[in-house]
Amino acid sequence: MGSPAEMARATRVPGVAQPGVVVEKTFVMIKPDAVGRRLCGELIGRYERKGLRLAGLKMQVISRELAERHYAEHVGKPFYQGLLDFVTSGPSIQMVWEGPNAVETVRKMNGATDCQKADVGTIRGDFGMNTRNNVVHASDSAETAEREIKLYFSDNELWDYPMPDGHWLE
Ligand code: CMP
C-alpha cells in the first residue's frame, strides 16, 4: 500500500450521503478587538478543528472606504459610525474558510451578534463583550459570502489544496 493518506482512502467507509450539504466558501474577519486581545490563534484553531479548510488569509488595517463598502447595508443605523470607527481602529484579519455548509457552520460557531446573548461555547459567547465589539464577522448567506470574498481577495489569493484527512471531512 502507498502513503498513509492513500491507505486511509483505501480503507475508508463510504459516508452516508448528506442531503442539503453543499461545499462552499465563507468570509470571516477577526476584528480589531480580538487581534488586540491575542485571540487570533484560538479563533483560527476553532475553525481548523471543525474541519474547515483555510483558503485565504490576510491582515490589514482596513480603510474607511473599504469598511463603508463592506457594511453598506447598515448606512443610517444608529450604530453605523461607531461600527466604522471600530473596524478601522486597528489591524484585523480577513479569511476565507471552505467546507460543508461553511456559511451556516461558521455563523453557528460565532454565535449571536449581541455577545451578552450569545450561547456559551460559541466564539462570541466565550469571548465577546457587547454588540459592537463582537470579536468576529462572518457572511450571513452564500450570496453575501461571494460579495465579501471579492471585496477583500482576488482569485490568485485563494488556495485549493488537499488535506490528508479530507476523506473524513466531507
Ligand atoms: P457583524 O457581524 O460584523 O455585522 C454588523 C456589525 O455591526 C455587527 O457585527 C456589530 O459589530 C455591529 N452592530 C450590530 N448591531 C449593533 C448595535 N445594535 N450596536 C452596535 N453595533 C452593532
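So, in what order do the elements of the protein run from the N terminus on? They go α-β-α-α-β-α-α-β-α-α-β-α. That is eight helices and four strands. Keep in mind that this is a predicted model.

Some overall numbers, then. The C-alpha trace spans about 60 × 35 × 30 Å along its principal axes. The protein has 170 residues, and 26% of them are buried. If you take the contacts with a separation of 6 or more, 72% are made by residues 24 or more positions apart.

Okay, the sheet. The four strands form an open sheet in the order 2-3-1-4, and the pairing is antiparallel. Strand 2, residues 53-60, and strand 4 are at the edges with a single partner strand each, so each has one side without a neighbour in the sheet. On average, neighbouring strands here are turned by 20° against each other, if you ignore direction. Looking at one pair, strand 1 (residues 23-30) and strand 3 (residues 92-100) run antiparallel and are joined by eight bridges. If you want one to click on, Glu 24 has Gly 99 in strand 3 as its bridge partner.

Now on to helix 6, residues 102-110. Which residues are buried there? Ala 102, Val 103, Val 106, Met 109 and Asn 110. Those five cover an arc of only 135° around the axis, so they sit on the same side of helix 6. The general background is that an α-helix has 3.6 residues a turn, so residues three or four places apart point the same way. And what covers the buried residues of helix 6? The cover includes strand 1, strand 3 and strand 4, along with helix 3, helix 7 and helix 8, the last being 142-152. Right after helix 6 comes Gly 111, with a positive phi near 90°.

Speaking of phi, two residues that are not glycines also have positive values. Arg 38 has a phi of about 60°, and Val 135 has one of about 75°. Arg 38 is in the loop between helix 2 (32-36) and helix 3 (40-50), while Val 135 is in the loop between helix 7 (123-127) and strand 4 (136-138). Buried or exposed, then, for Arg 38? Exposed, because Arg 38 has just 8 other C-beta atoms within 10 Å, and 12 or fewer counts as exposed. Val 135 has 25 C-beta neighbours inside 10 Å, so Val 135 counts as buried.

Next, the tail end. Leu 158 is in the segment after helix 8. With 13 other C-beta atoms within 10 Å, Leu 158 comes out as partly exposed. Which residues is Leu 158 in contact with, leaving aside its neighbours within four places in sequence? Ala 55, Gly 56, Val 96 and Phe 153. Take Ala 55: Ala 55 and Leu 158 are 103 residues apart along the chain, yet their C-alpha atoms are separated by 5.3 Å.

Last stop, the ligand. Around the ligand you find Phe 79, Gly 82, Leu 83, Thr 113, Thr 131, Arg 132, Asn 134 and His 137. How does that shell split by class? Two nonpolar, five polar and one charged. And His 137 brings us back to the sheet, since strand 4 is 136-138.

That's it from me.

Notes: Residues numbered from 1 in each chain as written. Predicted model: local features only at pLDDT ≥ 70, side-chain atom pairs only at ≥ 80, totals over all residues. Near = placed C-beta within 6 Å. Nonpolar A, V, L, I, M, F, W, Y, C, P; charged D, E, K, R; others polar. Buried ≥ 20, exposed ≤ 12 C-beta atoms within 10 Å, placed from the backbone. Contact = placed C-beta atoms within 7 Å. Pairing = 2+ DSSP bridges. Axes fitted to C-alpha atoms, helices over the stretch in contact; angles between N-to-C directions. Arc of directions from axis to C-beta.
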